[in-house]
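Subject: A structure to look over

Hello,

I am passing on a structure that I have been going through, and I hope you enjoy exploring it. Please have a look at it first; my notes follow below.

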Amino acid sequence: MPEALLETRDLSRRFGALAAVDGVSLSFAEGRVHAVIGPNGAGKSTFLNLLSGELRATSGRVFFRGQELTRATPDRISRLGIARSYQSANVFAELSCGECVWLASHSRARTLVFPSARVAERARRALATCGLAERAGVRARQLSYGEQRQLEIGMILATDPQIFLLDEPLAGLGHDEAQRIVALLQELARRHTIVLVEHDMDAVFSIADTITVLVDGRVLESGAPDFIRQSERVREAYLGSDAP
Amino acid sequence: MISSRARLFLALGALALAAVPASGDRFWMQFLGKAMIGGIFAMSLDLLVGFAGLVSLAHAAFFGLGAYLLAGLSNRYQLAQMALTLPICMAGAAAGALIIGWLSLRAAGVYFIMVTLAFTQMLYYFLNDAPWFGGSDGLYVALRPLSNPIAAYYAIWIALVAVFAFLLLLLRSPFGRVLIGIRGNEQRMRSLGFPTRQYLLAAFVLAGSLAGLAGYLDANLYGFVNPALFGWRESGLVLMTVLLGGKGTLHGPALGALLLALLQQQGERLTEHWTAIIGAVVIAVVLFLPRGVAGLLEARRA
Ligand SMILES: Nc1ncnc2c1ncn2[C@@H]1O[C@H](COP(=O)(O)OP(=O)(O)O)[C@@H](O)[C@H]1O
Ligand SMILES: [Mg+2]
(Lines give C-alpha, C1' and ligand atoms only; values in the text may rest on other atoms or scores of the structure.)
(Ligands and ions follow the chains in the order given, each with its own letter.)
Protein backbone atom coordinates (compact mmCIF):
# COMPACT_ATOMS: atom_id res chain seq x y z
CA MET A 1 0.00 0.00 0.00
CA PRO A 2 1.39 3.44 -0.88
CA GLU A 3 1.25 6.00 1.90
CA ALA A 4 -2.16 7.58 2.57
CA LEU A 5 -2.03 11.25 1.70
CA LEU A 6 -5.53 12.03 2.85
CA GLU A 7 -7.61 9.94 5.18
CA THR A 8 -11.06 10.07 6.75
CA ARG A 9 -12.12 8.16 9.85
CA ASP A 10 -15.77 7.53 10.46
CA LEU A 11 -16.63 10.87 8.86
CA SER A 12 -20.29 11.93 9.08
CA ARG A 13 -22.39 14.94 8.27
CA ARG A 14 -26.06 15.24 9.08
CA PHE A 15 -28.55 17.75 7.71
CA GLY A 16 -31.30 17.54 10.29
CA ALA A 17 -32.52 13.96 10.17
CA LEU A 18 -30.67 13.18 6.93
CA ALA A 19 -27.24 11.59 7.21
CA ALA A 20 -25.74 12.89 3.95
CA VAL A 21 -22.36 11.35 4.78
CA ASP A 22 -22.54 8.48 7.20
CA GLY A 23 -19.47 6.97 8.81
CA VAL A 24 -17.12 7.11 5.83
CA SER A 25 -13.57 5.85 6.41
CA LEU A 26 -11.45 6.13 3.29
CA SER A 27 -7.80 6.52 2.58
CA PHE A 28 -6.46 8.27 -0.53
CA ALA A 29 -3.07 7.02 -1.58
CA GLU A 30 -0.37 9.34 -2.84
CA GLY A 31 -0.01 9.44 -6.62
CA ARG A 32 -3.26 7.60 -7.32
CA VAL A 33 -6.57 8.50 -8.89
CA HIS A 34 -9.32 7.50 -6.52
CA ALA A 35 -12.83 7.88 -7.94
CA VAL A 36 -15.90 8.28 -5.75
CA ILE A 37 -19.07 7.34 -7.60
CA GLY A 38 -22.69 6.84 -6.68
CA PRO A 39 -26.22 7.97 -7.53
CA ASN A 40 -27.41 11.56 -7.20
CA GLY A 41 -27.84 12.51 -3.58
CA ALA A 42 -25.40 9.83 -2.42
CA GLY A 43 -23.39 12.46 -0.53
CA LYS A 44 -20.41 12.81 -2.88
CA SER A 45 -20.37 16.61 -2.97
CA THR A 46 -21.00 16.79 0.76
CA PHE A 47 -18.05 14.46 1.28
CA LEU A 48 -15.78 16.75 -0.78
CA ASN A 49 -17.08 19.75 1.16
CA LEU A 50 -16.04 18.05 4.38
CA LEU A 51 -12.56 17.42 2.98
CA SER A 52 -12.15 21.00 1.76
CA GLY A 53 -13.46 22.56 4.96
CA GLU A 54 -16.52 24.17 3.39
CA LEU A 55 -18.72 22.09 5.67
CA ARG A 56 -18.03 21.04 9.24
CA ALA A 57 -18.27 17.35 10.03
CA THR A 58 -20.92 16.32 12.54
CA SER A 59 -18.53 13.63 13.72
CA GLY A 60 -15.42 11.81 12.56
CA ARG A 61 -12.04 13.12 11.55
CA VAL A 62 -9.91 14.06 8.52
CA PHE A 63 -6.14 13.67 8.32
CA PHE A 64 -3.71 14.99 5.74
CA ARG A 65 -0.22 13.51 5.96
CA GLY A 66 -1.11 12.45 9.47
CA GLN A 67 -2.09 15.97 10.52
CA GLU A 68 -5.66 16.47 11.71
CA LEU A 69 -7.69 18.87 9.57
CA THR A 70 -11.18 18.22 10.83
CA ARG A 71 -11.86 21.80 11.98
CA ALA A 72 -9.52 23.68 9.64
CA THR A 73 -10.84 26.56 7.51
CA PRO A 74 -11.06 26.25 3.69
CA ASP A 75 -8.22 28.73 3.12
CA ARG A 76 -5.88 26.87 5.46
CA ILE A 77 -6.75 23.53 3.87
CA SER A 78 -6.08 25.00 0.46
CA ARG A 79 -2.72 26.39 1.55
CA LEU A 80 -1.73 22.94 2.78
CA GLY A 81 -2.07 21.73 -0.81
CA ILE A 82 -5.61 20.37 -1.05
CA ALA A 83 -7.31 21.93 -4.07
CA ARG A 84 -10.98 21.79 -4.89
CA SER A 85 -13.10 22.19 -8.01
CA TYR A 86 -16.88 22.46 -8.05
CA GLN A 87 -19.77 20.66 -9.64
CA SER A 88 -20.75 23.74 -11.63
CA ALA A 89 -18.10 26.09 -12.97
CA ASN A 90 -16.90 28.38 -10.20
CA VAL A 91 -14.60 30.95 -11.77
CA PHE A 92 -14.37 34.74 -11.61
CA ALA A 93 -16.88 35.65 -14.27
CA GLU A 94 -15.77 39.28 -14.61
CA LEU A 95 -12.03 38.60 -14.77
CA SER A 96 -10.02 37.41 -17.74
CA CYS A 97 -8.69 33.85 -17.85
CA GLY A 98 -5.20 35.20 -17.28
CA GLU A 99 -6.35 37.08 -14.18
CA CYS A 100 -8.20 34.04 -12.83
CA VAL A 101 -5.12 31.81 -12.95
CA TRP A 102 -2.92 34.67 -11.76
CA LEU A 103 -5.08 35.07 -8.64
CA ALA A 104 -4.94 31.34 -7.99
CA SER A 105 -1.18 31.34 -8.39
CA HIS A 106 -0.80 34.44 -6.22
CA SER A 107 -2.51 32.63 -3.35
CA ARG A 108 0.84 30.86 -2.82
CA ALA A 109 2.92 34.05 -2.87
CA ARG A 110 4.17 35.91 0.16
CA THR A 111 4.17 39.32 -1.44
CA LEU A 112 1.30 41.74 -0.95
CA VAL A 113 2.50 44.77 -2.82
CA PHE A 114 5.01 43.82 -5.48
CA PRO A 115 4.10 41.46 -8.29
CA SER A 116 6.22 38.34 -8.41
CA ALA A 117 7.64 36.84 -11.58
CA ARG A 118 7.32 33.33 -10.19
CA VAL A 119 3.62 33.81 -9.61
CA ALA A 120 3.15 35.00 -13.18
CA GLU A 121 5.17 32.11 -14.57
CA ARG A 122 3.22 29.51 -12.60
CA ALA A 123 -0.05 31.08 -13.80
CA ARG A 124 1.13 31.05 -17.40
CA ARG A 125 2.10 27.40 -17.22
CA ALA A 126 -1.20 26.42 -15.61
CA LEU A 127 -3.12 28.21 -18.34
CA ALA A 128 -1.07 26.45 -21.00
CA THR A 129 -1.59 23.05 -19.38
CA CYS A 130 -5.35 23.47 -19.22
CA GLY A 131 -5.32 24.43 -22.90
CA LEU A 132 -6.39 28.06 -22.64
CA ALA A 133 -3.11 29.84 -23.36
CA GLU A 134 -4.67 31.59 -26.34
CA ARG A 135 -7.67 32.73 -24.32
CA ALA A 136 -5.68 34.57 -21.63
CA GLY A 137 -7.29 37.93 -22.37
CA VAL A 138 -10.88 36.70 -22.64
CA ARG A 139 -13.32 37.25 -19.80
CA ALA A 140 -14.25 34.04 -18.02
CA ARG A 141 -17.96 34.57 -18.57
CA GLN A 142 -17.42 34.76 -22.33
CA LEU A 143 -15.92 31.27 -22.41
CA SER A 144 -17.96 28.24 -23.42
CA TYR A 145 -19.03 26.05 -20.54
CA GLY A 146 -16.41 23.47 -21.46
CA GLU A 147 -13.70 26.10 -21.45
CA GLN A 148 -14.89 27.31 -18.06
CA ARG A 149 -14.39 23.81 -16.71
CA GLN A 150 -10.90 23.78 -18.25
CA LEU A 151 -10.20 27.14 -16.63
CA GLU A 152 -11.31 25.83 -13.30
CA ILE A 153 -8.77 23.04 -13.50
CA GLY A 154 -6.18 25.57 -14.63
CA MET A 155 -6.92 27.65 -11.57
CA ILE A 156 -6.40 24.87 -9.09
CA LEU A 157 -3.34 23.74 -11.01
CA ALA A 158 -1.93 27.23 -10.50
CA THR A 159 -2.14 26.74 -6.72
CA ASP A 160 0.41 23.93 -7.15
CA PRO A 161 -1.57 21.45 -5.04
CA GLN A 162 -0.64 18.04 -3.73
CA ILE A 163 -4.09 16.60 -4.11
CA PHE A 164 -7.02 17.54 -6.37
CA LEU A 165 -10.60 17.12 -5.23
CA LEU A 166 -12.65 17.26 -8.43
CA ASP A 167 -16.45 17.37 -8.29
CA GLU A 168 -17.90 16.08 -11.57
CA PRO A 169 -15.46 17.81 -13.92
CA LEU A 170 -17.32 16.39 -16.93
CA ALA A 171 -20.85 17.36 -15.86
CA GLY A 172 -22.77 19.24 -18.53
CA LEU A 173 -20.16 18.78 -21.24
CA GLY A 174 -20.59 17.51 -24.78
CA HIS A 175 -18.58 14.59 -26.09
CA ASP A 176 -15.62 16.56 -27.48
CA GLU A 177 -15.39 18.88 -24.52
CA ALA A 178 -15.49 15.90 -22.17
CA GLN A 179 -12.70 14.23 -24.16
CA ARG A 180 -10.53 17.30 -23.71
CA ILE A 181 -11.03 17.27 -19.95
CA VAL A 182 -10.39 13.52 -19.75
CA ALA A 183 -7.09 14.01 -21.59
CA LEU A 184 -6.26 16.79 -19.17
CA LEU A 185 -7.08 14.59 -16.18
CA GLN A 186 -4.93 11.79 -17.57
CA GLU A 187 -2.10 14.26 -17.89
CA LEU A 188 -2.59 15.43 -14.29
CA ALA A 189 -2.85 11.88 -13.05
CA ARG A 190 0.73 11.18 -14.06
CA ARG A 191 2.06 13.50 -11.40
CA HIS A 192 -0.73 14.18 -8.94
CA THR A 193 -3.09 12.59 -6.47
CA ILE A 194 -6.71 12.96 -7.51
CA VAL A 195 -10.01 12.34 -5.79
CA LEU A 196 -12.49 12.22 -8.65
CA VAL A 197 -16.23 12.43 -8.21
CA GLU A 198 -17.77 11.66 -11.60
CA HIS A 199 -20.86 10.21 -13.25
CA ASP A 200 -19.28 9.37 -16.58
CA MET A 201 -18.40 5.70 -16.08
CA ASP A 202 -16.25 5.39 -19.21
CA ALA A 203 -14.08 8.20 -17.91
CA VAL A 204 -13.98 6.83 -14.37
CA PHE A 205 -13.01 3.32 -15.44
CA SER A 206 -10.36 4.63 -17.80
CA ILE A 207 -8.66 6.94 -15.30
CA ALA A 208 -9.19 5.57 -11.80
CA ASP A 209 -6.81 3.30 -9.91
CA THR A 210 -9.33 2.80 -7.11
CA ILE A 211 -13.09 3.27 -7.04
CA THR A 212 -15.36 3.79 -4.06
CA VAL A 213 -19.12 3.50 -4.45
CA LEU A 214 -21.13 5.71 -2.14
CA VAL A 215 -24.85 5.10 -1.62
CA ASP A 216 -26.97 6.99 0.91
CA GLY A 217 -23.87 8.47 2.47
CA ARG A 218 -22.23 5.10 3.14
CA VAL A 219 -19.44 3.21 1.42
CA LEU A 220 -21.05 0.35 -0.44
CA GLU A 221 -17.89 -1.02 -1.98
CA SER A 222 -14.32 0.10 -2.49
CA GLY A 223 -11.59 -1.45 -4.61
CA ALA A 224 -9.86 -1.76 -7.97
CA PRO A 225 -11.94 -1.02 -11.12
CA ASP A 226 -12.21 -4.71 -12.07
CA PHE A 227 -13.46 -5.60 -8.64
CA ILE A 228 -16.08 -2.83 -8.74
CA ARG A 229 -17.15 -3.85 -12.24
CA GLN A 230 -17.82 -7.38 -11.10
CA SER A 231 -19.43 -6.58 -7.76
CA GLU A 232 -23.04 -7.77 -7.60
CA ARG A 233 -23.94 -5.21 -4.96
CA VAL A 234 -22.63 -2.34 -7.05
CA ARG A 235 -24.53 -3.55 -10.10
CA GLU A 236 -27.74 -3.73 -8.12
CA ALA A 237 -27.38 -0.43 -6.32
CA TYR A 238 -25.86 1.76 -8.96
CA LEU A 239 -24.25 0.61 -12.18
CA GLY A 240 -27.09 -1.52 -13.47
CA SER A 241 -26.38 -3.76 -16.41
CA ASP A 242 -24.71 -1.21 -18.66
CA ALA A 243 -21.45 -0.96 -16.77
CA PRO A 244 -18.49 -0.67 -19.12
CA MET B 1 -9.17 51.40 -16.10
CA ILE B 2 -9.44 55.14 -16.67
CA SER B 3 -9.87 56.21 -20.29
CA SER B 4 -7.50 58.78 -21.76
CA ARG B 5 -10.38 61.22 -22.06
CA ALA B 6 -11.13 60.92 -18.35
CA ARG B 7 -7.43 61.23 -17.53
CA LEU B 8 -7.15 64.50 -19.42
CA PHE B 9 -10.29 65.82 -17.74
CA LEU B 10 -9.01 64.86 -14.29
CA ALA B 11 -5.58 66.40 -14.87
CA LEU B 12 -7.15 69.67 -16.05
CA GLY B 13 -9.55 69.62 -13.13
CA ALA B 14 -6.73 69.13 -10.65
CA LEU B 15 -4.78 72.00 -12.20
CA ALA B 16 -7.83 74.26 -12.10
CA LEU B 17 -8.32 73.42 -8.42
CA ALA B 18 -4.66 74.22 -7.75
CA ALA B 19 -5.12 77.65 -9.33
CA VAL B 20 -8.13 78.69 -7.25
CA PRO B 21 -6.19 80.35 -4.37
CA ALA B 22 -4.65 82.74 -6.90
CA SER B 23 -8.07 84.34 -7.24
CA GLY B 24 -7.95 85.20 -3.53
CA ASP B 25 -11.65 84.37 -3.22
CA ARG B 26 -12.16 83.12 0.35
CA PHE B 27 -15.62 81.75 -0.33
CA TRP B 28 -14.55 79.50 -3.19
CA MET B 29 -11.48 78.34 -1.32
CA GLN B 30 -13.61 77.26 1.61
CA PHE B 31 -16.25 75.75 -0.66
CA LEU B 32 -13.86 73.78 -2.86
CA GLY B 33 -11.75 72.80 0.15
CA LYS B 34 -14.84 71.22 1.64
CA ALA B 35 -15.71 69.55 -1.67
CA MET B 36 -12.20 68.09 -2.01
CA ILE B 37 -12.39 66.75 1.55
CA GLY B 38 -15.65 65.11 0.51
CA GLY B 39 -13.76 63.66 -2.46
CA ILE B 40 -11.06 62.12 -0.24
CA PHE B 41 -13.74 60.74 2.04
CA ALA B 42 -15.73 59.27 -0.86
CA MET B 43 -12.67 57.73 -2.53
CA SER B 44 -11.74 56.04 0.74
CA LEU B 45 -15.23 54.54 0.91
CA ASP B 46 -15.00 53.49 -2.74
CA LEU B 47 -12.10 51.23 -1.77
CA LEU B 48 -14.64 49.30 0.30
CA VAL B 49 -17.86 49.64 -1.71
CA GLY B 50 -16.46 49.63 -5.22
CA PHE B 51 -13.46 47.34 -4.90
CA ALA B 52 -13.82 45.11 -1.86
CA GLY B 53 -17.60 44.83 -2.24
CA LEU B 54 -18.25 45.93 1.36
CA VAL B 55 -21.12 48.36 1.95
CA SER B 56 -20.24 50.03 5.24
CA LEU B 57 -22.34 52.56 7.11
CA ALA B 58 -19.60 53.10 9.67
CA HIS B 59 -17.47 55.26 7.46
CA ALA B 60 -18.52 58.57 9.03
CA ALA B 61 -17.26 57.21 12.36
CA PHE B 62 -13.66 57.22 11.09
CA PHE B 63 -14.04 60.68 9.58
CA GLY B 64 -15.42 61.80 12.94
CA LEU B 65 -12.59 60.10 14.84
CA GLY B 66 -9.96 61.92 12.79
CA ALA B 67 -11.74 65.22 13.37
CA TYR B 68 -12.42 64.71 17.09
CA LEU B 69 -8.89 63.53 17.79
CA LEU B 70 -7.51 66.74 16.31
CA ALA B 71 -9.95 68.82 18.37
CA GLY B 72 -9.05 66.88 21.51
CA LEU B 73 -5.28 67.09 20.97
CA SER B 74 -5.49 70.77 20.27
CA ASN B 75 -7.86 71.64 23.13
CA ARG B 76 -6.53 69.45 25.89
CA TYR B 77 -2.86 69.20 25.05
CA GLN B 78 -2.27 72.33 22.96
CA LEU B 79 -0.86 70.09 20.24
CA ALA B 80 -1.17 71.37 16.72
CA GLN B 81 1.96 70.56 14.69
CA MET B 82 0.82 68.62 11.69
CA ALA B 83 3.81 66.26 11.76
CA LEU B 84 2.56 65.09 15.15
CA THR B 85 -1.21 65.40 15.01
CA LEU B 86 -1.81 64.01 11.52
CA PRO B 87 -0.21 60.60 12.20
CA ILE B 88 -1.96 60.38 15.58
CA CYS B 89 -5.36 61.20 14.10
CA MET B 90 -4.99 58.77 11.20
CA ALA B 91 -3.74 56.05 13.52
CA GLY B 92 -6.67 56.70 15.85
CA ALA B 93 -9.13 56.37 12.99
CA ALA B 94 -7.34 53.20 11.87
CA ALA B 95 -7.55 51.76 15.39
CA GLY B 96 -11.27 52.51 15.46
CA ALA B 97 -11.64 50.82 12.08
CA LEU B 98 -9.69 47.80 13.30
CA ILE B 99 -12.06 47.29 16.23
CA ILE B 100 -15.29 48.03 14.38
CA GLY B 101 -14.15 46.14 11.28
CA TRP B 102 -12.98 43.11 13.21
CA LEU B 103 -16.36 42.82 14.90
CA SER B 104 -18.50 43.75 11.88
CA LEU B 105 -16.77 41.42 9.44
CA ARG B 106 -18.02 38.47 11.44
CA ALA B 107 -21.36 39.25 9.85
CA ALA B 108 -21.93 39.06 6.11
CA GLY B 109 -24.16 40.81 3.61
CA VAL B 110 -26.98 42.91 5.00
CA TYR B 111 -25.99 42.00 8.58
CA PHE B 112 -22.61 43.59 7.99
CA ILE B 113 -24.36 46.81 6.97
CA MET B 114 -26.54 46.69 10.10
CA VAL B 115 -23.63 46.10 12.45
CA THR B 116 -21.58 48.94 10.98
CA LEU B 117 -24.62 51.22 11.32
CA ALA B 118 -25.08 50.19 14.94
CA PHE B 119 -21.47 51.07 15.77
CA THR B 120 -21.76 54.50 14.19
CA GLN B 121 -24.91 55.21 16.20
CA MET B 122 -23.23 54.06 19.40
CA LEU B 123 -20.38 56.51 18.88
CA TYR B 124 -22.85 59.26 18.03
CA TYR B 125 -24.80 58.85 21.26
CA PHE B 126 -21.64 58.44 23.27
CA LEU B 127 -20.22 61.75 22.02
CA ASN B 128 -23.56 63.47 22.40
CA ASP B 129 -23.58 62.63 26.11
CA ALA B 130 -19.88 62.93 26.91
CA PRO B 131 -19.16 66.37 28.42
CA TRP B 132 -15.44 65.78 28.13
CA PHE B 133 -15.87 65.87 24.37
CA GLY B 134 -18.16 68.87 24.46
CA GLY B 135 -21.40 66.90 24.41
CA SER B 136 -23.92 67.83 21.77
CA ASP B 137 -22.32 71.28 21.35
CA GLY B 138 -19.10 69.78 20.04
CA LEU B 139 -15.61 71.25 20.39
CA TYR B 140 -13.62 74.08 18.88
CA VAL B 141 -10.20 73.31 17.53
CA ALA B 142 -8.31 75.82 19.69
CA LEU B 143 -5.06 75.62 17.75
CA ARG B 144 -5.26 74.67 14.09
CA PRO B 145 -2.31 72.88 12.47
CA LEU B 146 -2.78 75.02 9.35
CA SER B 147 -4.59 78.21 10.20
CA ASN B 148 -3.56 80.04 7.05
CA PRO B 149 -6.43 79.43 4.60
CA ILE B 150 -4.11 79.12 1.61
CA ALA B 151 -1.94 76.57 3.39
CA ALA B 152 -5.06 74.67 4.47
CA TYR B 153 -6.37 74.68 0.92
CA TYR B 154 -3.15 73.33 -0.56
CA ALA B 155 -2.88 70.70 2.12
CA ILE B 156 -6.30 69.45 1.07
CA TRP B 157 -5.36 69.58 -2.61
CA ILE B 158 -2.17 67.61 -2.00
CA ALA B 159 -4.06 65.08 0.11
CA LEU B 160 -6.65 64.63 -2.63
CA VAL B 161 -4.05 64.00 -5.32
CA ALA B 162 -1.94 61.79 -3.05
CA VAL B 163 -4.89 59.66 -1.91
CA PHE B 164 -6.03 59.23 -5.51
CA ALA B 165 -2.55 58.17 -6.65
CA PHE B 166 -2.06 55.92 -3.64
CA LEU B 167 -5.36 54.11 -4.12
CA LEU B 168 -4.76 53.77 -7.86
CA LEU B 169 -1.40 52.09 -7.25
CA LEU B 170 -2.81 49.99 -4.44
CA LEU B 171 -5.61 48.70 -6.62
CA ARG B 172 -3.17 47.72 -9.36
CA SER B 173 -0.97 45.91 -6.87
CA PRO B 174 -1.52 42.25 -5.98
CA PHE B 175 -3.39 43.38 -2.85
CA GLY B 176 -5.91 45.31 -4.92
CA ARG B 177 -6.39 42.43 -7.32
CA VAL B 178 -7.09 40.10 -4.43
CA LEU B 179 -9.75 42.54 -3.17
CA ILE B 180 -11.34 42.57 -6.61
CA GLY B 181 -11.31 38.77 -6.60
CA ILE B 182 -13.05 38.74 -3.23
CA ARG B 183 -15.70 41.13 -4.51
CA GLY B 184 -16.29 38.78 -7.44
CA ASN B 185 -16.43 35.47 -5.57
CA GLU B 186 -15.37 35.42 -1.94
CA GLN B 187 -16.10 31.73 -1.43
CA ARG B 188 -13.84 30.79 -4.36
CA MET B 189 -11.06 33.05 -3.08
CA ARG B 190 -11.20 31.33 0.28
CA SER B 191 -11.01 27.91 -1.28
CA LEU B 192 -8.03 29.07 -3.36
CA GLY B 193 -6.26 29.73 -0.07
CA PHE B 194 -6.84 33.41 0.63
CA PRO B 195 -7.74 34.37 4.20
CA THR B 196 -10.42 36.67 2.83
CA ARG B 197 -11.57 38.16 6.15
CA GLN B 198 -8.05 39.36 6.84
CA TYR B 199 -7.81 41.01 3.46
CA LEU B 200 -11.17 42.71 3.96
CA LEU B 201 -10.15 43.86 7.43
CA ALA B 202 -6.93 45.32 6.02
CA ALA B 203 -8.95 47.22 3.42
CA PHE B 204 -11.39 48.38 6.09
CA VAL B 205 -8.57 49.73 8.27
CA LEU B 206 -6.86 51.42 5.34
CA ALA B 207 -10.11 53.04 4.22
CA GLY B 208 -10.80 54.07 7.82
CA SER B 209 -7.45 55.78 8.19
CA LEU B 210 -8.01 57.71 4.93
CA ALA B 211 -11.46 58.74 6.17
CA GLY B 212 -9.67 59.91 9.31
CA LEU B 213 -7.39 62.02 7.12
CA ALA B 214 -10.47 63.62 5.55
CA GLY B 215 -11.92 64.28 9.01
CA TYR B 216 -8.65 65.79 10.18
CA LEU B 217 -8.58 68.19 7.23
CA ASP B 218 -12.24 69.04 7.86
CA ALA B 219 -11.62 69.90 11.52
CA ASN B 220 -8.67 72.03 10.45
CA LEU B 221 -10.69 73.83 7.78
CA TYR B 222 -13.70 74.61 9.98
CA GLY B 223 -12.02 74.71 13.37
CA PHE B 224 -15.01 72.96 14.87
CA VAL B 225 -16.34 69.42 15.40
CA ASN B 226 -19.67 68.11 16.67
CA PRO B 227 -21.30 64.70 17.09
CA ALA B 228 -23.31 65.10 13.88
CA LEU B 229 -20.11 64.03 12.08
CA PHE B 230 -20.84 60.55 13.38
CA GLY B 231 -24.48 60.46 12.41
CA TRP B 232 -25.85 57.82 10.08
CA ARG B 233 -26.81 60.74 7.85
CA GLU B 234 -23.15 61.43 7.13
CA SER B 235 -22.46 57.76 6.45
CA GLY B 236 -25.45 57.64 4.11
CA LEU B 237 -24.41 60.82 2.34
CA VAL B 238 -20.90 59.58 1.56
CA LEU B 239 -22.32 56.28 0.33
CA MET B 240 -24.64 58.26 -1.92
CA THR B 241 -21.64 60.27 -3.16
CA VAL B 242 -19.89 57.05 -4.16
CA LEU B 243 -22.92 55.75 -6.04
CA LEU B 244 -23.61 59.11 -7.68
CA GLY B 245 -20.01 59.36 -8.86
CA GLY B 246 -19.76 55.73 -9.97
CA LYS B 247 -18.52 53.07 -7.59
CA GLY B 248 -15.39 51.16 -8.41
CA THR B 249 -13.87 53.99 -10.44
CA LEU B 250 -12.07 56.02 -7.74
CA HIS B 251 -12.25 59.29 -9.67
CA GLY B 252 -16.03 58.97 -9.93
CA PRO B 253 -16.67 59.39 -6.20
CA ALA B 254 -14.33 62.40 -6.13
CA LEU B 255 -16.37 63.99 -8.94
CA GLY B 256 -19.54 62.96 -7.13
CA ALA B 257 -18.41 64.88 -4.06
CA LEU B 258 -17.83 68.01 -6.11
CA LEU B 259 -21.19 67.63 -7.79
CA LEU B 260 -23.01 67.10 -4.50
CA ALA B 261 -21.33 70.15 -2.98
CA LEU B 262 -22.43 72.27 -5.94
CA LEU B 263 -25.95 70.88 -5.80
CA GLN B 264 -26.16 71.59 -2.12
CA GLN B 265 -24.85 75.12 -2.48
CA GLN B 266 -27.14 75.98 -5.40
CA GLY B 267 -30.05 74.12 -3.84
CA GLU B 268 -29.76 76.02 -0.57
CA ARG B 269 -30.10 79.31 -2.39
CA LEU B 270 -33.23 78.16 -4.19
CA THR B 271 -35.16 76.40 -1.47
CA GLU B 272 -34.82 75.18 2.07
CA HIS B 273 -35.87 71.76 0.80
CA TRP B 274 -32.61 71.36 -1.09
CA THR B 275 -32.25 67.74 0.04
CA ALA B 276 -35.21 66.96 -2.21
CA ILE B 277 -33.25 68.29 -5.19
CA ILE B 278 -30.31 66.10 -4.28
CA GLY B 279 -32.63 63.15 -3.90
CA ALA B 280 -34.09 63.73 -7.35
CA VAL B 281 -30.62 63.97 -8.91
CA VAL B 282 -29.50 60.77 -7.21
CA ILE B 283 -32.58 58.93 -8.44
CA ALA B 284 -32.02 60.23 -11.96
CA VAL B 285 -28.37 59.17 -11.94
CA VAL B 286 -29.12 55.72 -10.58
CA LEU B 287 -31.84 55.18 -13.18
CA PHE B 288 -30.18 56.69 -16.23
CA LEU B 289 -26.45 56.54 -15.49
CA PRO B 290 -25.82 53.17 -13.93
CA ARG B 291 -22.08 53.80 -13.99
CA GLY B 292 -22.48 57.15 -12.29
CA VAL B 293 -21.03 60.49 -13.28
CA ALA B 294 -17.75 58.76 -14.12
CA GLY B 295 -19.61 56.85 -16.83
CA LEU B 296 -20.14 60.14 -18.69
CA LEU B 297 -16.40 60.48 -19.13
CA GLU B 298 -15.96 57.05 -20.67
CA ALA B 299 -16.17 56.56 -24.39
CA ARG B 300 -19.59 55.36 -25.42
CA ARG B 301 -19.77 51.68 -26.23
CA ALA B 302 -20.03 50.91 -29.89
N1 LIG C 1 -26.74 22.28 2.56
C2 LIG C 1 -27.60 21.23 2.62
N3 LIG C 1 -28.68 21.27 3.43
C4 LIG C 1 -29.53 20.24 3.47
N5 LIG C 1 -29.39 19.10 2.77
C6 LIG C 1 -28.33 19.00 1.95
C7 LIG C 1 -27.38 20.05 1.82
N8 LIG C 1 -26.43 19.68 0.94
C9 LIG C 1 -26.77 18.44 0.52
N10 LIG C 1 -27.92 18.03 1.12
C11 LIG C 1 -28.56 16.72 0.94
O12 LIG C 1 -27.59 15.76 1.21
C13 LIG C 1 -27.71 14.67 0.30
C14 LIG C 1 -26.39 14.49 -0.41
O15 LIG C 1 -26.20 15.57 -1.31
P16 LIG C 1 -24.90 15.71 -2.21
O17 LIG C 1 -23.72 15.56 -1.35
O18 LIG C 1 -25.02 16.96 -2.98
O19 LIG C 1 -25.05 14.46 -3.16
P20 LIG C 1 -24.28 14.09 -4.52
O21 LIG C 1 -23.20 15.08 -4.72
O22 LIG C 1 -23.79 12.70 -4.30
O23 LIG C 1 -25.30 14.14 -5.60
C24 LIG C 1 -28.85 15.02 -0.62
O25 LIG C 1 -30.01 14.36 -0.15
C26 LIG C 1 -28.99 16.51 -0.48
O27 LIG C 1 -30.32 16.90 -0.68
MG1 LIG D 1 -22.84 16.41 -6.23
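How exposed or buried is Gln87(A)? Gln87(A) turns out to be partly exposed, and its relative accessible area is 34%. Please keep in mind as you read on that this is a predicted model.

The metal site

Gln87(A) is a good place to begin, as it takes part in holding a metal. The magnesium ion (ligand 2) has two kinds of protein donor atom, OG of Ser45(A) and OE1 of Gln87(A), at 2.1 to 2.3 Å from the ion. Ser45(A) belongs to helix α1 (residues 44–52) of chain A, while Gln87(A) sits in the loop between β6 (82–84) and α3 (97–106) of that chain, so the two donors tie together parts that lie 42 residues apart in sequence. Ser45(A) is partly exposed too, with a relative accessible area of 22%.

Two domains in chain A

The domain assignment splits chain A into domain 1, made of 4–81 + 162–242, and domain 2, which covers 93–160. Taken over C-alpha atoms, the centres of these two domains of chain A are 25 Å apart. Where they meet, 19 residues of domain 1 are in contact with twelve residues of domain 2. About 1,200 Å² is buried between the two domains of chain A, and carbon and sulfur atoms account for 65% of that area. The rule finds zero salt bridges across this domain interface, but it does find four residue pairs in polar contact there. On the domain 1 side, α2 (74–79), β7 (163–167) and α6 (175–189) of chain A each contribute at least two of the residues that touch domain 2. The largest share of that side comes from α6(A), with six residues.

A covered helix

Next, you may like to find α3(A). Eight of the ten residues of α3(A) are buried, so this helix is mostly covered. Among the buried ones are Cys97(A), Cys100(A), Trp102(A) and His106(A). What lies over them? The cover of the buried residues in α3(A) includes α4 (117–129) and α5 (145–158) of chain A, together with α7 and α8 (196–222) of chain B.

Where the chains meet

That brings us to chain B. In the interface of the two chains, 25 residues of chain A are in contact with 18 residues of chain B. The chains bury about 1,800 Å² between them, with 63% of it on carbon and sulfur atoms. How many salt bridges does the rule find across the interface of chain A and chain B? The rule finds one, and in it the side chains of Glu152(A) and Arg188(B) meet at 4.0 Å, N to O. The count of residue pairs in polar contact between chain A and chain B is 14. On the chain A side, the elements that give two or more residues to this interface are α2, α3 and α5.

One residue of chain B is worth finding in the viewer. Ser173(B) lies in the loop between α6 (149–172) and α7 (174–191) of chain B. Leaving aside neighbours within four places in sequence, Ser173(B) is in contact with Leu112(A) and Val113(A). Ser173(B) is buried, with a relative accessible area of 9%.

Happy exploring, and best wishes

Conventions. Residues are numbered from 1 along each chain as its sequence is written. Chains are lettered from A and ligands numbered from 1 in the order in which they are written. This is a predicted model: local features need pLDDT of at least 70, side-chain atom pairs count only at pLDDT 80 or more; totals for chains, interfaces and linings use all residues. Side-chain values use heavy atoms; hydrogens and water are left out. Donors are N, O and S atoms within 2.8 Å of the metal (3.2 Å for Na, K and Ca); water is not among the atoms, so sites may look incomplete. Helices (H or I, at least four residues) and strands (E, at least two) are DSSP runs, numbered from the N terminus. Buried means under 20% relative accessible area, exposed over 50%, partly exposed in between (1.4 Å probe, protein chains only). Contact means heavy atoms within 4.5 Å. Domain bounds come from an automatic or database domain assignment. Buried area is the accessible area (1.4 Å probe) that two parts lose on being put together, summed over both. A polar contact is a pair of N or O atoms within 3.5 Å; within protein, one must be able to donate a hydrogen and the other to accept it, and residues adjacent in sequence count only if both atoms are side-chain atoms.
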